[in-house]
Each structure stands twice: as C-alpha cells, then as structure tokens.
Amino acid sequence: MTKNMSNTDKGIRVVAAGAVALLYYFDIIDGTLAYILMAVAIIFLLTSLISFCPLYTVFGISTCKIKEQKK
C-alpha cells in the first residue's frame, strides 16, 4: 500500500468528516441520511490516517507529490 493522498487531500477529508459530525451533533441531519453520511465521514477519517484511498488506486489517481529519485 503506497501513499496516494496529499496533505491537502487529507485535510479536506478531515474537515468534511468534522462538518458531518457537527451536523449530526446539532440534529441538523437525522435518520438514514445521517447514518450514511457518518459512515462516509468515518471512511474519510480512516483513509486520511493511513494516507491511502482504495478508490484512487482503482481510477489511477494520486494526489501525493512524487519525489524524484537521485541517480
């Protein structure tokens, strides 16, 4: 598992997860929508912690900066 997420990408995911948590906490969202969004928020947090998004691999995307190797 190689890293495929940049720091900006991880930050956006953490902020989005926090926003969903606040919406749920203040009872702005509820029911099935709340459960689906909370599941997505948890996935966002987990992928941010490990710096790897499986969907990025499927679609061949990488937001991580590639470091040049010295020869």
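This report walks through the fold, the surface and the core of a predicted model.

## Overall fold

Let's start with the secondary structure. The protein chain holds three helices and zero strands, so its pattern along the sequence reads α-α-α.

As for its dimensions, the C-alpha trace spans about 55 × 20 × 15 Å along the principal axes. The radius of gyration is 15 Å, while a compact globule of 71 residues would come out near 11 Å.

## Contacts and burial

Among contacts with a separation of 6 or more, 75% join residues that lie 24 or more positions apart in the protein chain. Buried residues account for 24% of the 71 residues.

## Surface and charge

Turning to the outside, the protein chain exposes about 5800 Å². Carbon and sulfur atoms supply 69% of that exposed area.

The charges are worth a look too. The protein chain carries 7 positive and 4 negative charges, and the mean positions of these two groups are 21 Å apart.

## The nonpolar core

Five residues form the largest nonpolar core: Ala17, Val20, Ile29, Ala34 and Ala41. Two elements each give two or more residues to this core, namely helix H1 (7–25) and helix H2 (31–50).

Within this group, Ala41 is a handy residue to bring up on your screen. Leaving aside residues up to four places away in sequence, Ala41 touches Ala17 and Val20.

How values were computed
Residues are numbered from 1 along each chain as its sequence is written. This is a predicted model: local features need pLDDT of at least 70, side-chain atom pairs count only at pLDDT 80 or more; totals for chains, interfaces and linings use all residues. Side-chain values use heavy atoms; hydrogens and water are left out. Helices (H or I, at least four residues) and strands (E, at least two) are DSSP runs, numbered from the N terminus. The radius of gyration is taken over C-alpha atoms; the globule rule is 2.2 Å times the number of residues to the power 0.38. Buried means under 20% relative accessible area, exposed over 50%, partly exposed in between (1.4 Å probe, protein chains only). Contact means heavy atoms within 4.5 Å. Accessible areas come from the Shrake-Rupley method with a 1.4 Å probe; for residues, only the protein chains shown count as cover. Lys and Arg count as positive and Asp and Glu as negative; His and the chain ends are not counted. The place of a charge is taken as NZ of Lys, CZ of Arg, CG of Asp or CD of Glu. A nonpolar core is a set of buried Ala, Val, Leu, Ile, Met, Phe, Trp, Tyr and Cys residues joined through side-chain atoms within 4.5 Å.
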